[in-house]
Amino acid sequence: VLVARAGRSSETVASILPAHAAMSEDTHSLLQGDEAVVAVPAQQRTLRWLLGAAGASIVGAAAIMWCERQTEPVGIEVGAKHFTLQRALDDDVTCAALEFEKDFGNGAMTKVSIPAGSGKGEKECPEGSKNPDGKILYQCTAQGKWSVVNRCFSCPAKTELYELAGKSRSVVLKPALNGDVQKEPCQFSDGTHFKRGHIKYSCQHNKWFSSDTCSNTACKAGTLGINFYGGIGKVSYQVSEGEGDVELNCPSSAVDPHGKVHVKCGGAAEGELGEWVFLSQTCQDCNPSAINVTFDGHSKTLMLGGGQLNSLHPSPCIFSDGKRYKRGKIVHQCTADGWQAVQASCNDWDCPAQLVDLNLAYTLGKQEVTGKTHMKIRGAMAGTQHEYPCPEGTPDRSGHLTFSCSMEVGWRLTKAQCGNGIQVAV
């Protein structure tokens, strides 16, 4: 029952009563007071008949909103008129007794009875329910009907017609909780029976959702993504339905565009489907990679492209913090284990490290002796001198060879103290 009280003026209040509403003289006399009360039957809760009345349509709209939301009493101003809307006499609405039957999860139809009455209540879920701790909640509405909320299961028992490629079959679903899955064989009413897969119904958000994996091959046709990294990136291959191994072509921009990609149908259990998985490829021996390089406290990230086995990739000695070495390089090689660093010769030397060839000539007794040898010299800055022991075979092994570094000529042999008469040329 909806009640409207009008203050200061009651002229418009009468218009909120439907034309067919019966009013006694006592009710009509209430409309003449400064604090008039009008009772509107609950079945007129939408109050659509208000729309034609002067001023009353605003009150009607407010009544609709208020009645739907069941808020606290609210005051409405219409010109010089004031209205208060509120619920009244809720307990006077009575709902008749109700009985219904459902499969609550125990495999049988169970009868539930709700006695005649008003207000709201709850009942325990029947024994064997999918959710044994759930409740059946019920409330008597203003229309005199029971509103029932069942929490004994999430998805109800029902019979569904599943269709696939012009074929169909009935699926009898049992009560389930959210997250439950029911699988059925891929058998259809026309006798068709797929060798693999199943029809799947999953209970989610209190609703049934269906899908299937029905197939006559171990792997269905599908898309397989393979990442070649770098400029090629991820390539999507369309693989036909089938079984075993399948050979695909390399991307045209690969290091070896004539190579092959090998995939296989894997993980197919008896009667179930597998999926296409990557096996190997000969498009490139080394995948494009991002490699972190650190040298003497300086670092950077190198982006290496695809490579063939044993190929070399040199990069300059320039680092992320701005350090630029005068000489040297960083070299990576494509190996069976991917890209590996094989050389890092970054340096700021004026005279780089190097291997020098030495030509020796001296007199031993009355015999002229000549020979050649090699010596590795460390890198150094201009003005630096390095002393090295005399090579094996010289008259005085305790002596030294002295090399000097200069900006003009680099390394220069400036002194040879390896015995009398010895001549050393670089």
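**Aromatic rings and their neighbours**

Okay, let's start with a lysine: the charged end of Lys300 sits over the ring of Phe319, 5.5 Å from its centre. Keep in mind that this is a predicted model. There's another case like that, with the charged end of Lys323 placed over the ring of Tyr325, 4.7 Å from the ring centre.

Now, the ring-on-ring pairs. How many aromatic pairs does the count come to? It comes to eight. Let me take you through one of them, Phe104 with Phe153: the ring centres are 5.9 Å apart and the planes meet at 55°, and because that angle is neither under 30 nor over 60 degrees, we call the pair tilted. This pair links distant parts of the chain, 49 residues apart. Phe104 is in the loop between strand E5 (98–103) and strand E6 (109–114), while Phe153 is in the loop between strand E9 (146–150) and strand E10 (158–164).

Buried or exposed, then, for Phe104? Buried, at 0% relative accessibility. Phe153 is buried too, with a relative accessible area of 10%.

Next up, Phe295 and Tyr325. Their ring centres are 5.5 Å apart with the planes at 85°, so this pair is edge-to-face. Phe295 belongs to strand E20 (residues 289–295) and Tyr325 to strand E23 (residues 324–335), so the pair ties together parts 30 residues apart in sequence. And yes, that's the Tyr325 with the charged end of Lys323 over its ring. Tyr325 counts as buried, at 12% relative accessibility.

One last thing to look for on the screen: Tyr162, Tyr201 and Trp208 come together as one aromatic cluster. That's it from me.

Notes: Residues numbered from 1 in each chain as written. Predicted model: local features only at pLDDT ≥ 70, side-chain atom pairs only at ≥ 80, totals over all residues. Heavy atoms only, no water. Phe/Tyr/Trp six-rings, centres within 6.5 Å; stacked < 30°, edge-to-face > 60°. Helix = DSSP H or I, 4+ residues; strand = E, 2+ residues; numbered from the N terminus. Buried < 20%, exposed > 50% of the residue type's maximum accessible area, 1.4 Å probe, protein only. Lys NZ or Arg CZ within 6 Å of the ring centre and 35° of its normal.
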